[in-house]
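Work through the exercises below with the sequence and the 3D structure in view. Each task is followed by a solution in steps.

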Amino acid sequence: MANLKTTAGLVSNRQSLELAQLTTFVPKIPSLETKPTDCYLLSAPFAALGGLSPSEKEIPKAPLPLRQRYFRKQAGFTNRWQFPYGLSCDLLGTAQANKAFRVCLNETLKRMMTADTPVSLSDEPKIQTSDLEFETKGHCDDKHDQSEKGNELERVHSNRACINEVIFSHTQKMTEDMEPDVVLECLGFLWELHRIYLFKSKTLSQLLISAAEPMNINDLESQHKSKKEGKHNKQSNLAAQKTKALGKEKSKMKKITISLDVQDPEVTRIAFAIALKNLYNTEPEVEESDVVEVLAAASTLQFPSLFQKCVSIMKSGICSANISSYYCAACKYKQETLVTDCERWLEVNLVPQLSSQIHLRKLPQELLQKVLRSPRLFTFSEFYLLKTTLCWTYLQLNPRIQIIPSHKTILMYFSSLPKRCSFLEREVGQKYITVFQSLRLHGITSSKHLEDLRQINFLPLPWLTQILSNHYHALENGGDMTLQRDFSMQAVRFGLLLKQEPRYHEEIISIYGFFFEIKAIRHETSAYSFYIQRVKHTDPALSFVTAERSPVSLRQEREVKYEIKAQCLMDGKWREFSTDQLTQKFGITKPSCKSQVLKARIPSIPVYVTYAFLFPSS
């Protein structure tokens with residue numbers, strides 16, 4: 001009777017019943033069992049919906065007694081409706097928020113920056129492995145403790161089976177479902193392997209041999225005891241032979257447990273799984289995204305074929321995003337050829353590519369300093385190298401910046417510092433002195449650039465005084481660069497970068513009142529010509545800005561020491577084409593106004609062309 005009365009009451013209040021049914025389908029807010037650094041991303045949909053994160057409130061149910069249906073209101077042109085007494089009662093919005101919560105965070109979401117979160121979270125926090133790590137204890141007489149240890153390892157293995165799946169299906173296919181006979185304890189995991197495949201790794205083979213020797217000694221002792229017992233009774237001898245045969249069969253099936261302590265922090269679980277997987281392959285297979293970690297795992301396992309495969313992948317895949325990690329790995333594991341390839345790539349791509357990317361921050365100081373001193377370094381001008389080093393210094397001082405700053409921003413930052421002394425003379429800037437000593441600052445001749453250097457108060461005052469003094473004496477002596485005599489280390493460099501189009505490249509440069517035009521022409525598919533030509537100060541090719549802000553020399557001839565060098569990547573190796581160092585008197589009329597032409601057949605692009613100048617004493 002009570003049930004009938006209740007049913008009758010609900011029927012009479014049909015509108016309230018419909019409303020109650022709708023509110024029962026409001027999903028529960030999932031708990032934020034995740035990393036603290038990612039909580040703000042996961043709570044964003046709920047914060048936008050109701051103003052609070054899921055950990056701070058739950059969705060309220062519709063109060064009783066329920067009001068009439070007429071109070072529902074439309075929300076937007078999508079014909080969505082909601083209850084007016086709470087934003088969290090927006091059913092469609094709540095469903096969308098839960099759907100967004102269930103989607104895994106990817107790298108794109110973590111790189112997104114807003115006013116609330118100006119710092120990228122793409123760098124994954126350190127994995128909490130306190131519940132996964134275990135300590136390998138010494139030999140214990142209590143079998144119960146050993147069984148507990150084994151159960152703990154099995155639990156770890158089952159909870160993190162996703163990592164072992166990297167090699168499980170592969171090993172089952174390669175071994176035709178043969179039972180594993182070796183258990184490797186490493187990185188908090190039990191790796192089930194097959195001993196016939198472990199001898200590709202020197203480390204694992206040595207562990208396997210050392211673990212198998214005590215077992216062989218125990219077998220010999222058991223055999224000796226069975227022989228003594230067999231002398232007394234023939235029946236017992238037959239029984240001993242049977243047990244011996246059974247013991248041999250059991251010993252063949254018995255698993256050997258070995259343990260490996262990995263000290264290298266670069267070795268990750270995934271990389272270690274990939275390395276173990278390659279023990280079963282005839283040819284190593286490695287993805288470029290995992291190559292650094294797999295290289296570390298191959299070094300730990302002493303797996304030569306996999307190690308060399310990783311090195312070859314790194315050599316062919318050097319780019320702005322990985323140049324720093326590849327170089328550090330090459331130095332750590334003493335791969336001189338890879339170190340050379342990283343340095344060679346950086347010599348031509350420091351200014352064209354890396355200077356405009358945030359990866360510049362990760363560049364080690366020793367590598368930057370070494371490349372800046374290289375005679376093969378490519379740059380559009382000496383000022384571009386100064387801009388690059390200023391940007392690198394700015395990123396070192398501001399490690400939380402995620403976007404490459406503009407040159408104007410960098411100048412404003414250094415200008416805002418206290419004026420007591422220059423930046424390089426302060427304690428924080430003294431470690432960068434050697435980097436800026438590697439620059440050819442005498443090659444910065446533009447008055448605007450020199451004025452910017454003075455205003456930001458970055459270089460010590462004696463440095464600026466020496467630069468301006470050199471320029472003054474050079475202009476007074478008709479362009480003679482008396483203090484710069486080492487051509488390979490002190491010549492002023494300019495550059496052109498040749499890509500697919502256009503076929504004709506040219507640029508006008510000015511040095512101490514003399515104007516030159518550097519040219520590069522592509523005649524055919526792979527035929528190029530490079531040369532220098534002097535331009536008269538009244539030539540229409542000179543722009544108004546160039547002629548207005550540059551001094552002008554009226555000398556008819558100027559002796560110039562120069563070199564034209566073209567660099568390109570051919571068949572995986574860097575090739576150079578050069579005129580070597582030449583000395584010529586440049587006039588303002590033909591044929592004396594034109595330098596020697598460097599002709600080269602270069603089948604690949606891009607081509608990096610460097611024009612180096614030095615005015616000797618005349």
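**Exercise 1. How do strand 8 and strand 9 pair, and over how many bridges?**

Step 1. Strands are DSSP runs of E with at least two residues, helices are DSSP runs of H or I with at least four, and both are numbered from the N terminus. Two strands pair if DSSP finds at least two bridges between them.

Step 2. Between strand 8 and strand 9 there are eight bridges, in the antiparallel sense. Across this pairing, glutamate 517 faces glutamine 533 in strand 9.

Step 3. The two strands form a hairpin, and four residues lie between them.

The model is predicted: local features need pLDDT of at least 70, side-chain atom pairs count only at pLDDT 80 or more, and totals for chains, interfaces and linings use all residues. Residues are numbered from 1 along each chain as its sequence is written, and side-chain values use heavy atoms, with hydrogens and water left out.

**Exercise 2. Place strand 8 in its sheet.**

Step 1. Look at the other neighbour: strand 7 and strand 8 are antiparallel, with eight bridges. Histidine 505 is opposite alanine 520 in strand 8.

Step 2. Strand 7 and strand 8 also make a hairpin, with two residues between them. Tyrosine 512, in that turn, has a positive phi of about 50 degrees.

Step 3. Write the order of the open sheet: its four strands run 7-8-9-13, with antiparallel pairing. At the edges are strand 7 (504–511) and strand 13 (598–601), each pairing on one side only. From one strand to the next, the twist averages 15 degrees, with axes taken as lines fitted to C-alpha atoms and angles running from 0 to 180 degrees between N-to-C directions.

Step 4. Strand 9 (residues 527–535) is joined to strand 13 by four bridges. In this pair, alanine 527 is opposite arginine 601.

**Exercise 3. How many residues of strand 8 (residues 514–522) are buried?**

Step 1. Buried means under 20% relative accessible area, exposed over 50%, and partly exposed in between (1.4 Å probe, protein chains only).

Step 2. The count for strand 8 is nine of its nine residues.

Step 3. Sort them by face: one side has Phe514, Phe516, Ile518, Ala520 and Arg522, and the other has Phe515, Glu517, Lys519 and Ile521. Both faces are covered.

Step 4. For a helix, take helix 10 (residues 269–278), where eight of the ten residues are buried. Among them are Arg269, Phe272 and Asn278.

**Exercise 4. Describe the surroundings of glutamate 382.**

Step 1. Glutamate 382 belongs to helix 16 (residues 382–397). It counts as buried because its relative accessibility is 3%.

Step 2. List contacts, meaning heavy atoms within 4.5 Å. Leaving out residues up to four places away in sequence, glutamate 382 touches Arg440, Gly443, Ile444, Ala491, Val492 and Arg493.

Step 3. The side chains of glutamate 382 and arginine 493 share a polar contact of 2.9 Å. A polar contact is a pair of N or O atoms within 3.5 Å; within protein, one must be able to donate a hydrogen and the other to accept it, and residues adjacent in sequence count only if both atoms are side-chain atoms.

**Exercise 5. How many disulfides does the whole structure have?**

Step 1. The criterion is a pair of cysteine sulfur atoms within 2.5 Å.

Step 2. The search finds zero disulfides. For cysteine 342, the nearest cysteine sulfur is that of cysteine 331, 8.1 Å away.

Step 3. Cysteine 342 counts as buried because its relative accessibility is 0%, whereas cysteine 421, at 26%, counts as partly exposed.
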